[in-house]
Amino acid sequence: MNNQQVFDKVVAHLNAQGCRSLSATGDCVYLAPNGNMCAVGCLLGDAYKPEMENMHVETPVVRNVIEQLFPNVSINMLTCLQEAHDRSATYQQIVQQLDEIAADHHLTFNPDDINNWYKPMNKIDWSVDIA
């Protein structure tokens, strides 16, 4: 896979999941107890090991696994995707982060591809007269 293919896979995963992958204490994790996975966690598959938790993608343990799985993919891009996942609690934040990653790595990105990220369940239309 190349950078664009991995980027698209991560965006599709994050959109389908709709939220961050969090531990019981609220920390971002590769694999959460409820099965959610972070931006890099969704790429690991069977290579995931619990000891990877609390390790950044650039630490040797995680980096070695990623380089074996995706030898042609930028570690810097994956670092940026991991950070976007960890820091984006709103739709606006994730779109901004992904847009910057795409620009920095010469990728294409459509904000509609992440329209499920922390999507509000109900929008209140304050213009409606309820009296």
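How accessible is E83, in relative terms, and does it count as buried, partly exposed or exposed? E83 has a relative accessibility of 25% and counts as partly exposed. The structure discussed here is a predicted model.

## Salt bridge in helix α4

Two salt bridges are present in the structure. One of them joins E83 to R87, with 3.9 Å between the closest N and O atoms. Both residues belong to helix α4, which spans residues 75-87. They are four residues apart, about one turn of the helix.

The partners fall into separate accessibility classes: R87 is exposed because its relative accessible area of 56% is over 50%, whereas E83, at 25%, is partly exposed.

## Salt bridge in helix α3

A salt bridge also links R63 and E67, whose closest N and O atoms are 2.9 Å apart. This pair lies within helix α3, residues 60-69, and again the spacing is four residues, about one turn of the helix.

E67 has a relative accessible area of 35% and is partly exposed. R63, with a relative accessibility of 31%, is likewise partly exposed.

## Nonpolar core

The largest nonpolar core comprises 34 residues. Those with the most contacts inside this core are F7, Y30, M77, L78, L81, L98 and I114. At least two core residues come from each of the helices α1 (3-17), α2 (41-44), α3, α4 and α5 (91-104). In soluble globular proteins, nonpolar side chains tend to be buried together.

Helices α3 and α4 therefore appear in both parts of this description: α3 holds the R63 and E67 pair, α4 holds the E83 and R87 pair, and each helix supplies at least two residues of the core.

Conventions: Residues are numbered from 1 along each chain as its sequence is written. This is a predicted model: local features need pLDDT of at least 70, side-chain atom pairs count only at pLDDT 80 or more; totals for chains, interfaces and linings use all residues. Side-chain values use heavy atoms; hydrogens and water are left out. A salt bridge is a side-chain nitrogen of Lys or Arg within 4 Å of a carboxyl oxygen of Asp or Glu. Buried means under 20% relative accessible area, exposed over 50%, partly exposed in between (1.4 Å probe, protein chains only). A nonpolar core is a set of buried Ala, Val, Leu, Ile, Met, Phe, Trp, Tyr and Cys residues joined through side-chain atoms within 4.5 Å.
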